[in-house]
Amino acid sequence: MKRSHRCPKCQHGEILHVPEPRDTDFDRFSLGARPGMLTNKVAGLMEAYACLGCGLVEWYVQDVAALAASKLDGATVLKAPKPPPYR
């Protein structure tokens, strides 16, 4: 939805962009440590796109390079395995 501005589920063309979604317990949705905790390092701030037709939401990390180079609460960020080749 971020690039196409179309919902992949229902093909609706009205998409809402939420650049800084808020968490009720924290300032913004993020991956990893949040500001004000033991460290101020945030691995990846999130943004969301929501379809006005069916309500589907897609989440994106704002800075993928920073997330790929970070650690999340002591756990290394790993790439998802590639699916097996089609036969």
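This is a short dialogue on reading charge pairs and cysteines in a predicted model.

Student: How many salt bridges does a search of the whole structure find?

Tutor: Start with the general idea: side chains of opposite charge can pair when their charged atoms come close. Here, searching the whole structure turns up one salt bridge. Its partners are Lys2 and Glu47, with 3.1 Å from N to O.

Student: Which parts does that pair tie together?

Tutor: Lys2 sits in the segment before strand S1 and Glu47 in strand S3, so the pair links parts that are 45 residues apart in sequence.

Student: And are Lys2 and Glu47 buried or exposed?

Tutor: Lys2 is partly exposed, at 28% relative accessibility, whereas Glu47 is buried, at 9%.

Student: What about Glu58, which is buried: where is the nearest side chain of opposite charge?

Tutor: That would be Arg3, 8.2 Å away, and Glu58 has no salt bridge. Glu58, in strand S4, does make a polar contact of 2.4 Å with the side chain of Tyr60. Leaving aside neighbours within four places in sequence, its contacts include Lys2 and Glu47.

Student: Now the cysteines. How many disulfides are there?

Tutor: The idea is to check whether two cysteine sulfurs lie within 2.5 Å. By that rule the count is zero. Cys10 is in no disulfide, and its nearest cysteine sulfur belongs to Cys51, 3.6 Å away.

Student: Why is there no bond for Cys51?

Tutor: Because 3.6 Å to the sulfur of Cys10 is too far for a bond. As for accessibility, Cys10 is partly exposed at 35%, while Cys51 is buried at 5%.

Conventions
Residues are numbered from 1 along each chain as its sequence is written. This is a predicted model: local features need pLDDT of at least 70, side-chain atom pairs count only at pLDDT 80 or more; totals for chains, interfaces and linings use all residues. Side-chain values use heavy atoms; hydrogens and water are left out. A salt bridge is a side-chain nitrogen of Lys or Arg within 4 Å of a carboxyl oxygen of Asp or Glu. Helices (H or I, at least four residues) and strands (E, at least two) are DSSP runs, numbered from the N terminus. Buried means under 20% relative accessible area, exposed over 50%, partly exposed in between (1.4 Å probe, protein chains only). Lys and Arg count as positive and Asp and Glu as negative; His and the chain ends are not counted. A polar contact is a pair of N or O atoms within 3.5 Å; within protein, one must be able to donate a hydrogen and the other to accept it, and residues adjacent in sequence count only if both atoms are side-chain atoms. Contact means heavy atoms within 4.5 Å.
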